[in-house]
Amino acid sequence: MTMKIKIGKANDNDFVINDPQVSRYHALLTQDEERRLLLEDLGSTNGTFVNDCQIVRKQVTSDDVVTFGAGYTVSIRDILKKDNDYSEEFAHLKSVYDDYIREKIRIQSSNQFKTRLFQSLPFAVIGVTGIVLGFMGHTNKGLFVLSFILAVCAPTIGIYFGARQAAKIPAQLQHLANQFKIDYVCPKCGAFLGEIPWESLSNKKQCPVSSCRAKWVRT
């Protein structure tokens, strides 16, 4: 759906600028179905400037800065927010949520594998060594005692290293969660959105905070 935002001093504009250097109907910002933005000067008295260059009709981006008349400067992004529309910023949160879930699963599965490996490796290495020494030392009391000690130590060492590896998981998950709380927020008010899937939030269409109500999905 094409969106048109009329800009000027008159009160019936979509984006009203109360500045004596701005014409009553100064410019028109259009966004097409493919989200391309076009800014047109509507024959204003003092001109329209994009990034300090005067234009008549120019394709712009949300990062461009526009000056209307002699000195009223505003970003294209702010003009698009005239109806509290934060759909573009909200769309970027999908990758934030997907990356968080993917990394969370990776940390858990990777550490579980390492924990099991560290728990079982001593049995495989020390245990086998103890058996070999025991077999070799059936006529040697010293080797037999050593094999017995290794057999006893194997599970203890496995438990120790396994516990050390398992202890790393909470710290790694906490660090991930802390960053997620910073990134996964309403693009307007900054309220943390919890671990609610992005698709579920998208169905709500707007921020539930009463003082914000930023539009997450353009309707």
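These exercises work through a predicted model of a protein.

**Exercise 1. Fold inventory**

Find how many helices and strands the protein has, and in what order they run.

Solution.
- Step 1: Count the elements. The protein has four helices and nine strands.
- Step 2: Read from the N terminus. The order is β-β-β-β-β-β-β-β-β-α-α-α-α.
- Step 3: Add the contact range. Take contacts between residues at least 6 apart in sequence; 44% of them join residues at least 24 apart.

**Exercise 2. Surface and burial**

State what share of the residues is buried and what carbon and sulfur atoms supply to the exposed area.

Solution.
- Step 1: The protein has 219 residues, and 36% of them count as buried.
- Step 2: The exposed area is about 13200 Å².
- Step 3: Carbon and sulfur atoms supply 58% of that area.

**Exercise 3. Threonine 48**

Decide whether threonine 48 is buried or exposed, then describe its surroundings.

Solution.
- Step 1: Locate the residue. Threonine 48 is in strand E5, residues 48–50.
- Step 2: Apply the cut-off. Buried means under 20% relative accessible area. Threonine 48 has 0%, so it is buried.
- Step 3: Look for a polar partner. The side chain of threonine 48 makes a polar contact with the side chain of aspartate 41, at 2.5 Å.
- Step 4: List contacts beyond four places in sequence. They include His26, Leu39, Asp41, Cys53, Val66 and Phe68.

**Exercise 4. Glycine 71**

Classify glycine 71 as buried or exposed, and relate its position to phenylalanine 49.

Solution.
- Step 1: Glycine 71 is in the loop between strand E8 (65–68) and strand E9 (72–75).
- Step 2: Exposed means over 50% relative accessible area. Glycine 71 is at 51%, so it counts as exposed.
- Step 3: In sequence, glycine 71 and phenylalanine 49 are 22 residues apart. Their C-alpha atoms are 9.8 Å apart.

**Exercise 5. The nonpolar cores**

Identify the largest nonpolar core, and say which elements give two or more residues to it.

Solution.
- Step 1: Recall the trend. In soluble globular proteins, nonpolar side chains tend to be buried together.
- Step 2: Size the core. The largest nonpolar core has 19 residues. Those with the most contacts inside it are Ile5, Ile7, Leu29, Leu39, Phe68, Ile76 and Ile79.
- Step 3: Map the elements. Two or more residues each come from strand E1 (3–8), strand E3 (27–31), strand E4 (37–41), E8 and helix H1 (76–80).
- Step 4: Zoom in on leucine 29. Beyond four places in sequence, leucine 29 touches residues including Met3, Ile5, Ile7, Leu39, Val60, Ile76 and Ile79.
- Step 5: Look beyond this core. Another core of 17 residues lies apart from it, with Tyr86, Leu93, Trp198 and Trp216 among them.

Technical notes: Residues are numbered from 1 along each chain as its sequence is written. This is a predicted model: local features need pLDDT of at least 70, side-chain atom pairs count only at pLDDT 80 or more; totals for chains, interfaces and linings use all residues. Side-chain values use heavy atoms; hydrogens and water are left out. Buried means under 20% relative accessible area, exposed over 50%, partly exposed in between (1.4 Å probe, protein chains only). Contact means heavy atoms within 4.5 Å. Accessible areas come from the Shrake-Rupley method with a 1.4 Å probe; for residues, only the protein chains shown count as cover. A polar contact is a pair of N or O atoms within 3.5 Å; within protein, one must be able to donate a hydrogen and the other to accept it, and residues adjacent in sequence count only if both atoms are side-chain atoms. A nonpolar core is a set of buried Ala, Val, Leu, Ile, Met, Phe, Trp, Tyr and Cys residues joined through side-chain atoms within 4.5 Å.
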